[in-house]
Every structure is written in C-alpha cells, then in structure tokens.
Amino acid sequence: MENQSKPTVVLGVIGADVHAIGNQILEHALKEADVKPVNIGVMSNQQEFVSAAVETGADAIWVSSLYGHGEMDCRGLRDKCKEAGIGDILLYVGGNLVIGKQSWDDVKDLFLDMGYDRAYPPGTQPETAIDHLKEDLNEYNLEGEINAASPAY
Amino acid sequence: MSNLKNKKIPEEEFFKEREEVLKAWPTGEDVDLDEAIQYQKDLPEHKKMSARLMQAEEEGETLIQPRAGVALPDELVELLSYLDEEGEADLLPVTIDSYTRQNQYKEAEQGIEESQEMGRSMLNGFPAVNHGLETCRKVIESLNLPVQVRHGTPDARLLAEITMAGGFSDYEGGGISYNIPYAKKVSLEDTIRDWQYVDRLIGYYQEQGVDINREPFGPLTGTLVPPAVSHVVAILEALLAAEQGVKYLTLGYGQNGNLVQDVAAIQTLRELADSYLTDEGYDDIKLTTVFHQWMGGFPQDESKAYAVISWGATAAALSGATKVIVKTPHEAMGIPTKEANASGLKATKQIVNMLKDQSLEQTAKLDREKDMIKKEVRAILDKVKELGEGDWAKGTVRAFEAGVIDIPFAPSKFNKGKILPARDNIGAVRYLNTGNLPLPDDVKAFHEERLAERGEFEDREATFQMVIDDIYAIGKGMLIGRPRE
C-alpha cells in the first residue's frame with residue numbers, strides 16, 4: 001500500500017554520457033526522502049526515459065547531463081512525452097548542461113523553453129530538487145494521495 | 001569463454017581484421033599504413049611523445065599536459081596553440097568528443113554541422129574519425145609539441161588507425177580502463193580484444209621503427225579509487241599491450257588527496273609494473289608515469305579550485321611522476337574556456353618548477369603505505385593469474401566476473417560494484433567494504449582499523465552516508481567528508 005502511494009521518479013544520465021557517481025548518489029537521496037527511484041542509469045536515450053516513465057506510472061523524469069552535450073541530447077523530450085500520452089509529467093534537468101562557461105540564466109531559459117519544468121546548475125544538492133519535487137507534486141495534488149502518504153510536507 | 005588469449009595477434013589475422021575496421025566510416029579508406037609509417041618517421045623529433053617523455057624521465061622533470069578538444073580543426077589549433085604559448089604546456093592532448101567515443105559518427109557529423117552554424121563548439125571534443133587523417137595532419141603540423149589522443153572509447157580501433165596515420169604520437173586507453181568506467185553493457189572480452197588490435201597496430205608501427213607511446217587510463221572512475229585497484233588495471237593493460245609489441249608505456253594514477261598515499265602510489269606503480277613486466281619476459285619496455293590531478297568534484301570558487309589544482313601539482317612533483325594531467329578552475333562548471341585552461345596549467349607549472357629538486361623523505365609512514373599497496377596488488381594479480389590459468393586476458397575477464405577486480409562507482413554491468421571506498425581520519429582512501437577482493441587478513445585489518453579510527457573521531461558508524469560526504473567534500477572545501485552541522 002505504502003509503496004503505491006510514494007511518488008516515483010525516473011532518473012538517468014542522457015546521451016553518450018557515462019558519469020555514474022552523481023546518478024548513484026541521487027538514487028540514494030531519493031530513497032532516503034521516501035521517493036521511489038526508477039534508475040535507468042548512464043547512457044540512456046530519450047525513448048528509454050519515456051518508456052520507463054510510462055511503465056512505472058512515474059510522477060517525474062529527472063535527466064542528468066554532465067559532459068556538455070546536454071543541449072543536443074535534451075531537445076524534444078517533452079514532445080516524446082506528449083506522444084506517449086504523458087505530456088504533463090514533470091521534467092527536471094540538471095548538470096553541466098552546455099559547453100563552456102555561459103550565464104546560468106541563459107542556460108536555464110534555454111532548457112525551460114525546451115519544455116523542462118526545472119533546470120539546475122552544477123553543484124546543486126539532491127535535497128534542493130527533492131524539495132521542489134514535493135512542492136510541484138503538492139500543487140498538482142494528484143487525487144490527494146501524495147499528501148495522505150507523506151504528511152511531513 | 002571465447003578464444004580470448006593474451007597472445008600476439010598473427011599478422012595475417014590482423015590485416016584481415018583491419019579491412020573491416022577501416023570500412024566502419026568512409027574516412028577509414030584514406031589510411032595507407034606504409035605511407036602512415038613514413039609520415040610518422042618524418043615527424044620532427046620535438047613532436048614525438050616517446051622522445052619527450054624519455055628526456056623528462058632522464059632529467060627528473062614533471063611535464064604538464066592539459067585536456068582540451070573542440071569540434072572544428074581551426075578552433076582546435078587556436079585552442080591548443082594558446083595552451084602551448086600562454087599556458088606553457090609541455091605536451092598537448094586532443095580530447096575526443098563523446099559521440100565518437102561511442103562510435104556514433106552520424107551524431108558527431110551533426111555536431112560538426114551545428115558547431116559550424118552556431119559558431120561555437122557543440123561537441124565536448126574533436127571528432128577525429130569524421131574529420132579524417134588529412135585534417136588530423138593539418139592539426140599536428142600547425143602545432144609545436146607532441147600530441148596525444150585522449151578519449152574514453154571502448155572500441156577505439158578506427159580512431160587509432162586514423163589518428164596514428166594522422167601524426168599523433170601517443171594513444172590513451174585500454175580494454176579495461178576504457179570499458180568499465182566508460183560503458184554500460186559492452187563486454188570485457190570484446191573490449192580487451194579490440195584493444196589488442198589497437199596495441200597490435202601500435203606494435204606494428206614499433207616494428208617499423210616508429211616509437212608510439214601508449215597510456216592506459218589510470219584514474220578509472222576518478223573518485224576515491226584505492227591505489228591498488230587502479231594499479232592492478234594499469235599493470236594488466238601494460239602486460240596486454242607489451243604482448244602486442246608496444247614498447248613505450250605511461251602508467252597512470254589519479255590523485256586521492258593524502259600526500260603520503262599519493263606519493264606511495266606513484267612509486268609503487270613504477271616498481272610493481274617494472275617487476276611484473278620483467279617477470280613476464282618483457283624486459284625492453286620504457287616505462288613512465290602520469291599523475292592526474294584530483295578527478296572528482298571540484299569547488300565552484302575559482303580560487304579554491306586553484307588550491308586543489310596546486311595540491312595535485314605538488315603531489316605530482318613530489319612523487320616524481322613523469323607528467324601531470326592538469327585540471328582547470330572551471331572544472332565544477334564543465335568544459336573550460338581556453339583562458340581558464342591556461343591558468344590551471346600556469347599554476348601547475350609554477351609548482352612543478354619550484355619542487356623540481358625536492359622529494360618526500362622515505363619515512364616509516366610512506367613505507368607502510370607502499371607496503372600495503374604492494375601486498376594488495378600482488379594478492380589480486382596472483383588471483384587473476386590463477387583464474388586465467390596463466391593467461392592474463394582470460395584471468396582479467398574471470399576476475400571481473402568474480403569481483404576479484406572491482407572498480408568503485410563504475411557504470412558497467414560487467415563490474416561487480418561491491419567494494420566501497422572511504423577516507424580514513426587523515427584522508428587516505430581505504431576500503432569500507434572489500435567485496436570479493438582477495439586481500440590478505442592483515443591488509444583487511446589495517447583498513448578496518450583506519451576507518452574505525454575515523455568513525456570514533458566523528459562519533460558515527462562508517463556507512464554509505466560517509467562515502468557520500470567524502471565524494472562531496474573537496475567541492476565543499478574539505479578533504480574528508482566530516483558529518484554536517
């Protein structure tokens with residue numbers, strides 16, 4: 001029962017990116033925060049994110065990208081979600097998203113324009129995104145079940 | 001197991017496979033091996049990596065080398081020339097982009113086109129296969145230093161063909177070190193076999209009188225890797241390369257942050273590799289070492305990042321490494337500007353110059369670290385050889401299956417992932433969990449004691465939380481991840 005009402009997050013590292021450590025820490029942090037992680041790991045393509053989200057009825061997709069190709073890899077994920085019938089799913093993205101030192105505000109706008117709900121710069125603690133997740137899910141307040149499961153927020 | 005063996009590939013078999021390799025992308029057809037060997041021979045002496053490394057080894061220098069690569073050749077030359085002239089680099093790299101590393105040449109092509117349209121690099125490195133050998137040669141001819149290919153490619157056969165014919169004189173990677181930390185589901189048998197091809201190619205150049213240097217990738221996953229774990233991989237890749245005819249080898253280690261342990265690591269890497277290569281009958285190998293400045297998370301603040309860079313430069317110089325791979329003050333933000341890259345180099349140059357004539361005293365603590373690393377490496381390699389029934393290639397595959405070799409935090413499903421490292425109370429990296437590593441009891445007891453000491457000091461049990469604290473620590477301005485609050 002309790003498992004069913006936990007929010008579920010699909011997480012992974014997109015593209016040809018093999019950075020594995022942050023991904024493992026994020027999974028651990030989600031578990032600690034009573035969120036169910038569905039970790040598809042490194043080197044995952046957009047379709048793998050979407051399929052995992054459909055299969056698990058996930059509440060959010062968290063995309064990580066550390067190697068600089070984020071701009072090319074992340075484009076179009078919102079459309080793929082729409083095609084799969086999960087157009088409203090929360091999409092977060094974080095990491096070293098572009099090549100070179102660019103203003104974070106510009107980078108953030110770039111990814112929000114691509115259809116991501118939230119974008120995070122390098123060095124963000126897992127707790128920051130987890131707090132946002134809980135806020136965002138509260139707003140959606142899906143049938144009240146998330147509130148009932150975790151009265152702490 | 002297939003017929004994987006640590007045995008020099010017969011020439012006929014090699015040339016047959018070569019035909020297939022060159023067909024994987026149209027630029028492969030331009031490679032003519034005899035012509036390429038002549039091109040390599042005609043390179044001026046100051047552009048040959050092996051010669052420069054040997055000179056440094058004799059003179060007790062620690063050379064400095066950046067990482068750098070962009071999508072387009074003109075911009076690449078501009079960047080690398082800047083790192084030479086303004087950054088005072090001794091050796092140059094060309095870092096290859098991540099699509100090429102996965103043999104995704106179509107995506108790399110798109111990256112080249114977008115980079116041309118956008119007027120900035122959309123790739124995190126240079127797609128050398130797509131550009132082909134003539135463009136590689138233009139790059140080499142426009143530069144004044146030896147240039148190494150640095151990448152992370154599980155199947156790097158075509159890349160090796162093109163870049164070696166293109167005038168590069170050093171090639172990084174190996175069947176283990178460019179698989180386990182760089183791939184998710186590529187079998188170790190395949191990558192060991194594919195890297196035997198790369199080593200055979202470079203061995204072939206060697207037979208024709210061209211000294212190309214090979215460098216297994218030392219730091220692996222780059223975060224809290226115990227020295228013995230990376231040494232085992234480096235030595236195995238050295239043995240595999242030597243069998244294929246490679247003569248010039250640079251073995252590497254990634255800084256952990258405790259000075260005594262880091263110095264012990266470079267000293268033992270040299271001693272152990274020399275001993276294993278000689279024992280196996282490869283007695284004409286020219287060995288050098290590379291020390292990688294801290295490969296884990298960096299502070300955002302640039303001054304703090306310079307401190308991490310400088311500490312790495314210090315350890316590199318005091319350990320007597322032949323070269324040091326340099327980080328930049330933009331490390332926490334991703335790929336650096338050329339200015340940031342040059343400034344990391346200059347900070348490093350200042351330190352290696354100042355420390356050129358100094359070394360660390362051989363103290364009891366340094367001896368203890370060295371002794372511990374040697375015991376661990378020998379215990380693991382004994383078991384690898386036993387599992388392989390005398391064959392290092394077979395033994396490596398079986399050792400990974402059994403968790404006898406195990407790399408922390410690696411993405412590959414062919415890695416057990418059972419061992420867990422953590423820092424002790426003076427910041428040296430120990431095993432919190434030794435998994436299936438065949439370590440002697442006294443070695444295990446030593447690691448347990450060191451971690452118990454820290455646990456007592458911090459008044460907490462050593463758990464995964466401690467490991468996470470250690471992973472973030474340097475980024476947050478500390479070496480050891482002490483409890484929060």
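Is B:E389 buried or exposed? With a relative accessibility of 65%, B:E389 counts as exposed. Keep in mind throughout that this is a predicted model.

## A salt bridge to start with

B:E389 has a partner: its side chain pairs with B:R398 in a salt bridge, where the closest N and O atoms sit 2.8 Å apart. The arginine end is a bit more tucked in by class, since B:R398 comes out as partly exposed at 22% relative accessibility. Elsewhere, salt bridges with shared partners tie B:E13, B:E17, B:D155, B:R157, B:R193 and B:D194 together into one network.

## More on the charged pairs

Over all chains, the rule gives a count of 45 salt bridges. Side chains of opposite charge can pair when their charged atoms come close.

Take B:R193 and B:E13, whose closest N and O atoms are 3.5 Å apart. This pair links distant parts of the chain: B:R193 is in helix α9 (residues 188-207) of chain B, while B:E13 is in helix α1 (residues 11-22) of chain B, 180 residues away. Both ends are in the middle class for accessibility: B:R193 is partly exposed at 22%, and B:E13 is partly exposed with a relative accessible area of 41%.

For another case, look at B:E20 and B:K23, a salt bridge with its closest N and O atoms 3.4 Å apart. Here B:E20 counts as exposed at 52% relative accessibility, and B:K23 is exposed too, with a relative accessible area of 56%.

## Where the two chains meet

Now for the interface. The size of an interface is often given as the accessible area lost when the parts come together. Here, chain A and chain B bury about 2700 Å² between them, and 57% of that is on carbon and sulfur atoms. Three residues, A:I21, A:M72 and A:K101, supply 22% of the area that chain A buries against chain B, more than any other three residues. In residue terms, the contact takes 29 residues from chain A and 39 residues from chain B.

On the polar side, the rule finds two salt bridges across the interface of chain A and chain B. One of them joins the side chains of B:R120 and A:E71, at 3.3 Å from N to O. There are also 10 residue pairs in polar contact across this interface, with both residues at pLDDT 80 or more. On chain A, the elements α2 (21-32), β2 (36-44), α4 (70-74) and α7 (126-140) each supply at least two residues of the side that touches chain B. Of the elements, β2(A) gives the most, with five residues. Sorted by class, that side of chain A has 13 nonpolar, 10 polar and six charged residues.

## Cores and a covered helix

Which residues touch the most other members of the largest nonpolar core? Of its 130 residues, those are B:Y171, B:Y205, B:L381, B:V384 and B:I405. Helix α10 (residues 227-243) of chain B provides the largest share of this core, 12 residues. To see one of these residues up close, set aside the neighbours of B:Y205 within four places in sequence: B:Y205 is then in contact with B:L33, B:A36, B:I37, B:Q40, B:M164, B:A165, B:V210 and B:I212. Apart from the largest core lies another, of 25 residues, including A:I14, A:I61, A:V63 and A:L97.

Helix α8 (residues 157-165) of chain B is mostly covered, with nine of its nine residues buried. Among those buried residues are B:M164 and B:A165, both of which also turn up in the contacts of B:Y205. The charged B:R157 and B:E161 are buried in α8(B) as well. Just after this helix, B:G167 takes a positive phi of about 100°.

## Two spots on chain A

A:D136 is in helix α7 of chain A. Its relative accessibility is 8%, so A:D136 counts as buried. Leaving out neighbours within four places in sequence, A:D136 is in contact with A:L90, A:Y92 and A:R118.

A:S51, in helix α3 (residues 46-56) of chain A, makes a handy counterpoint: at 27% relative accessibility, A:S51 counts as partly exposed. From A:S51 to A:L110 the separation is 59 residues in sequence and 25 Å in space, C-alpha to C-alpha.

Notes. Residues are numbered from 1 along each chain as its sequence is written. Chains are lettered from A and ligands numbered from 1 in the order in which they are written. This is a predicted model: local features need pLDDT of at least 70, side-chain atom pairs count only at pLDDT 80 or more; totals for chains, interfaces and linings use all residues. Side-chain values use heavy atoms; hydrogens and water are left out. Contact means heavy atoms within 4.5 Å. Buried area is the accessible area (1.4 Å probe) that two parts lose on being put together, summed over both. A salt bridge is a side-chain nitrogen of Lys or Arg within 4 Å of a carboxyl oxygen of Asp or Glu. A polar contact is a pair of N or O atoms within 3.5 Å; within protein, one must be able to donate a hydrogen and the other to accept it, and residues adjacent in sequence count only if both atoms are side-chain atoms. Helices (H or I, at least four residues) and strands (E, at least two) are DSSP runs, numbered from the N terminus. Ala, Val, Leu, Ile, Met, Phe, Trp, Tyr, Cys and Pro count as nonpolar, Asp, Glu, Lys and Arg as charged, and the others, Gly among them, as polar. Buried means under 20% relative accessible area, exposed over 50%, partly exposed in between (1.4 Å probe, protein chains only). A nonpolar core is a set of buried Ala, Val, Leu, Ile, Met, Phe, Trp, Tyr and Cys residues joined through side-chain atoms within 4.5 Å.
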